[in-house]
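The following exercises concern the fold of one protein. Please study the sequence and the structure before working through each solution.

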Amino acid sequence: MSHATAQYLTLGLDRETFGIPIAHVQEILDHRPVSALPQAPSFLLGMIDVRGRSYPVIDLRTKLGLAPVEPTAATRIILLDVTVNGRPAGIGVVADRVFEVTALDPGRMEDAPEVGGRWRADYIAGIGRKGEAFVVVFDLARLMAGDAPALRDAA
């Protein structure tokens, strides 16, 4: 029995590979300066303007509880259409690097481990396999709505 595969944009953070459903991805931009917002949480870098539309920009590393790093030539801002608290929103997320669009089989995805896993399971939709590698697929709505770091021991 064959499962339909779904397309994911794969990106790198630290030493891990993450996936975002391609249906949510609008555009991938080179890193650019972000206008800071006063009193913003640490993971919210600020705002950027893209063709007259404003996007809040989230540092995925900080959001996940990883140490922030200086942007490199490989750093990208991924513009996403996501639903946050029941409303559609445009959000930019900063990734260390973007790899490719790849097909993963949702029917063969594993649940995030509840014990011993590095990431909070409620931010993870599942873990897919690409050859020998694991791709951690975000639950974008939960990730964007939650304020807690996704890394379990970051608090």
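The exercises below refer to this predicted model.

**Exercise 1.** Determine how many helices and strands the protein contains, and in which order the elements run.

*Solution.* Step 1: counting the elements gives 2 helices and 10 strands. Step 2: reading from the N terminus, the order is β-β-β-β-β-α-β-β-β-β-β-α.

**Exercise 2.** State what share of the residues is buried, and describe the exposed surface.

*Solution.* Step 1: a residue counts as buried when its relative accessible area is under 20%. Step 2: by this criterion, 41% of the 155 residues of the protein are buried. Step 3: the protein exposes about 8400 Å², and 51% of this area comes from carbon and sulfur atoms.

**Exercise 3.** Describe the open sheet formed by 5 strands, and explain why β3 and β4 each have one side without a neighbour in it.

*Solution.* Step 1: the strands follow the order β3-β6-β7-β5-β4, with mixed pairing. Step 2: β3 (25-30) and β4 (44-50) occupy the edges; each has a single partner strand, so one of its sides lacks a neighbour in the sheet. Step 3: on average, neighbouring strands of this sheet are turned by 35° against each other, direction ignored.

**Exercise 4.** In which sense do β4 and β5 pair, and which residue of β5 stands opposite I48?

*Solution.* Step 1: strands of a sheet pair through backbone hydrogen bonds, in either a parallel or an antiparallel manner. Step 2: β4 and β5 (residues 53-59) pair in the antiparallel sense, over 6 bridges. Step 3: the residue of β5 opposite I48 is Y55.

How values were computed:
Residues numbered from 1 in each chain as written. Predicted model: local features only at pLDDT ≥ 70, side-chain atom pairs only at ≥ 80, totals over all residues. Heavy atoms only, no water. Helix = DSSP H or I, 4+ residues; strand = E, 2+ residues; numbered from the N terminus. Buried < 20%, exposed > 50% of the residue type's maximum accessible area, 1.4 Å probe, protein only. Areas by Shrake-Rupley, 256 points an atom, 1.4 Å probe, with all protein chains shown as cover. Pairing = 2+ DSSP bridges. Axes fitted to C-alpha atoms, helices over the stretch in contact; angles between N-to-C directions.
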